[in-house]
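These are my notebook entries on one structure, written in the order in which I looked things up.

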Amino acid sequence: MIRHLLSAADLDRESATTILDTAEQMDRALAGREVKKLPTLRGRTVVNLFFEDSTRTRTSFELAAKRLSADVINFSAKGSSVSKGESLKDTALTLEAMGSDAVVIRHSMSGAPHRLAGWIRGSVVNAGDGTHEHPTQALLDAFTIRRRTGRLEGLRVVIVGDVLHSRVARSNVLLLHTLGVEVTLVAPPTLLPVGIEAWPAEVSYDLDAVLPKADAVMMLRVQRERMSASFFPTQREYSRRYGLDRQRLARMPEQAIVMHPGPMNRGMEIAAEVADCVRSTIVEQVSNGVSVRMAVLYLLLGGGSRRESRRRTPSRGGVMSSDDALFPAEES
Amino acid sequence: MRDVFVVTGARIEGGDPTNLLLRDGRIADIGPTLHPAGAEVVPADGLIALPGLVDLHTHLREPGREDAETVETGSRAAALGGFTAVHAMANTDPVADTAGVVEQVWRLGREAGLCDVQPVGAVTVGLRGEQLAELGAMADSAARVRVFSDDGKCVGDPALMRRALEYVKAFDGVIAQHAEETRLTEDAQMNEGILSARLGLTGWPAAAEEAIIARDTLLAGHVGSRLHVCHVSTAGSVEILRWAKGKGWRITAEVTPHHLLLTDELAASYDPVYKVNPPLRTGEDVEVLRGALADGTIDCVATDHAPHALEDKETEWAAARPGMLGLETALSVVTETMVDTGLLDWAGVAQRLSRVPARIGGLAAHGRHLAAGEAANLVLFDPAGRSVVDPARSASRSRNNPYAGRDLPGRVVATFLHGRPTVLDGKVQG
């Protein structure tokens, strides 16, 4: 395994598939247990370093680490020395001195996890950086699609909304392409970045035209304040042209699913009845997020073959695939 | 005999080896058999002699950010880079927008004595772009300011820009514009294109530079004033300049060494040592800029040497200040990009790094041909050999060197300022 997960581009098809398969195993192993905990990362420390409020992502990582029996420290920028002007570098050195094995970082500036990775010895997991990437979100989305449809190769996924500012879109385009999915991006031209022609994805301005061939439609959150910066004229116009309502849902193939990374603007990019319909995977995405993040933490910290930990290095070799190695007999 | 030197075997602008006798601040004589007794010999076999380099665009940070650079440390870096004159930009703290501040910088330069420090005056009070600074007072001061610039910021108001261009005609001044339409570059972090889309960094579109250059060339043409365009960075800017110069308008332009060598691909590291304004552009832009410098559409090279304290660069990309060092590496970068590629010969280098910038800046003692009777401002450069850039060895107080670890050709062996060596054997004198 790789040492850090900074970008979905860090994953080739084999390692991405390993993460998804491992997440399935995590899920199955926990399903049969009364105590939802595996001893795998006992004695390891995972720091959640959140410079941006994100209760759902932080909670998901926290739960994932705790289910693997890791010690979890939540280090949020608010109320800490970070809000008093401490630099990212000083924070990194502090965490390093405390002996963290992995740092899960959420930051409002693109590339902050890359900088952090240069300053600490432990693993860095990007939990969303600015308008760059959010690789574990893409992994949980791929996991959700694979569970619902049984495969990824050859599927068509449509991603709709504020692609320009979306880290979810960037990571999904990279990861889904790696996994053999055909991705189409739909947005008003103002919300597509200059330079998008180099992305491994199709681009369309016409949502109605692409819906009939979609296997999954992923709606991105659109912030209302984009309106004041002239990205689109009004909320209602955005909704009419790019929102997923009942009529548009009806244009999708019967088996096609509806996704949203949350938090949603009901009535803006997605109608409430669509968000709550049986074809919506929005709640599943949340629970799948925990399994996928468990897999990522496990593979980065415990399952990697080449990683040199300055602390206890588990002697298991190779990419983890057998249940024996994954889930040793519970010690308590 | 004090302060008498004979430089032996130097090839003036790449010509045949000859000797130069330097006495009383002047080149006393030139000739291959010249060997006066008592003169200190400076062996220069195989070295290229060029008129001392002149930088139109240097940030010396004093007053205000003496932790990043001082006039003295910047002067040392300049001398090591082969410069005998630098234009110190006005965006200091306090801003160089009064006769008092420009005279302070000018005096600090004289006290350091390692190169002629020519202050640039701000165009507007506090660089705020609202009201003209007392340009005449700065022109009449001991610092004799002729170049005015709000560099770091664009003079955005077109009416104010027009008035500034007109006003400085009275003392043959020139407005050096930092071309950036700021409404198009809000939060901008890097060149807008394929890389910015991938990296999720807000793009700085080429059009934001080109729109201002187009506007300002029209204004300069309309009022018959001199305009100098700072750090041209895009292929489109070159096209506009070529068109405007074709009209016969009095327009000059500079390109930085980093825009001749580095590209936006470097941003993929998220290391802010590569963050600069205007940003590094694409490989195609680099090719066009080199061609434009070769054919004279771009008149000269200027470093935009921009020292920053470590804490202003050891940050997230978006939190870092833009700018990179350039004085000590400029001639090597130009050798790599222009000479070794066959685009410029040494006479062309002398033209674009010395004669033309000296003329634009109005510096009479600099940028002269190396000839008997001229001021003895010159650099001896060894074009052979390459070495790896080590930021720790810089004379600058800062370490934001984008060439760290890069193998570059050539070495400045000696620099003479008014007949006295500021650098000998690659080391600062005094």
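The entries below go from the chain contact to the domains, a sheet, and single elements.

**Entry 1. Model and chain contact.** I note at the outset that this is a predicted model. I began with the contact between the two chains and counted 20 residues of chain A against 17 residues of chain B. On the side of chain A that touches chain B, I listed the elements that give two or more residues: helix 3 (88–98), helix 4 (112–117) and helix 6 (167–178) of chain A. Helix 4 of chain A gives the most to this side, with three residues. I then sorted the residues on the side of chain A that touches chain B by class and found seven nonpolar, eight polar and five charged.

**Entry 2. Helix 3 of chain A.** I asked which residues of helix 3 of chain A are buried. They are Leu88(A), Thr91(A), Ala92(A) and Leu95(A). Looking down the axis of helix 3 of chain A, I found that its buried residues fall within an arc of 100°, so they line one face of the helix. I next looked up what these buried residues pack against, and recorded strand 1 (45–50), strand 3 (102–107) and helix 4 of chain A. Just after helix 3 of chain A, I noted a positive phi of about 85° at Gly99(A).

**Entry 3. Domains of chain A.** Chain A is divided into domain 1 (8–134 + 286–326) and domain 2 (135–284). For the contact between them, I counted 27 residues from domain 1 of chain A and 22 residues from domain 2 of chain A. On the side of domain 1 that touches domain 2, the elements of chain A giving two or more residues are helix 1 (13–31), strand 4 (123–129) and helix 11 (282–303). Helix 11 of chain A provides the largest share of this side, seven residues. By class, I divided the residues of this side of domain 1 into 12 nonpolar, nine polar and six charged.

**Entry 4. A sheet in chain A.** I traced an open sheet of five strands in chain A, with the order 7-6-5-8-9 and parallel pairing. Its edge strands are strand 7 (202–204) and strand 9 (257–259) of chain A, each of which pairs on one side only. Neighbouring strands of this sheet are turned by 20° against each other on average, direction ignored. For strand 5 (residues 156–160) and strand 8 (residues 216–219) of chain A, I found parallel pairing over four bridges. One partner pair I looked up is Val157(A) with Ala216(A), the latter in strand 8 of chain A.

I then turned to the helices that pack on the sheet. Helix 5 (residues 135–149) of chain A touches strand 5, strand 8 and strand 9 of chain A, and its direction makes about 165° with that of strand 9 of chain A. Helix 6 of chain A touches strand 5, strand 6 (182–186) and strand 8 of chain A, and its direction makes about 160° with that of strand 6 of chain A.

**Entry 5. Chain B.** How many of the residues of helix 10 (residues 330–339) of chain B are buried? I counted 10 of the 10, so this helix is largely enclosed by the rest of the structure. Among the buried residues of helix 10 of chain B are Ser332(B), Thr335(B), Glu336(B) and Thr337(B).

Last, I looked up Arg215(B), which is found in helix 6 (residues 206–223) of chain B. Arg215(B) counts as partly exposed, with 18 C-beta neighbours inside 10 Å. I also computed the separation of the C-alpha atoms of Arg215(B) and Phe83(B), and obtained 33 Å for residues that are 132 apart along the chain.

How values were computed. Residues numbered from 1 in each chain as written. Chains lettered and ligands numbered in written order. Predicted model: local features only at pLDDT ≥ 70, side-chain atom pairs only at ≥ 80, totals over all residues. Contact = placed C-beta atoms within 7 Å. Nonpolar A, V, L, I, M, F, W, Y, C, P; charged D, E, K, R; others polar. Buried ≥ 20, exposed ≤ 12 C-beta atoms within 10 Å, placed from the backbone. Arc of directions from axis to C-beta. Domains from an automatic or database assignment. Pairing = 2+ DSSP bridges. Axes fitted to C-alpha atoms, helices over the stretch in contact; angles between N-to-C directions.
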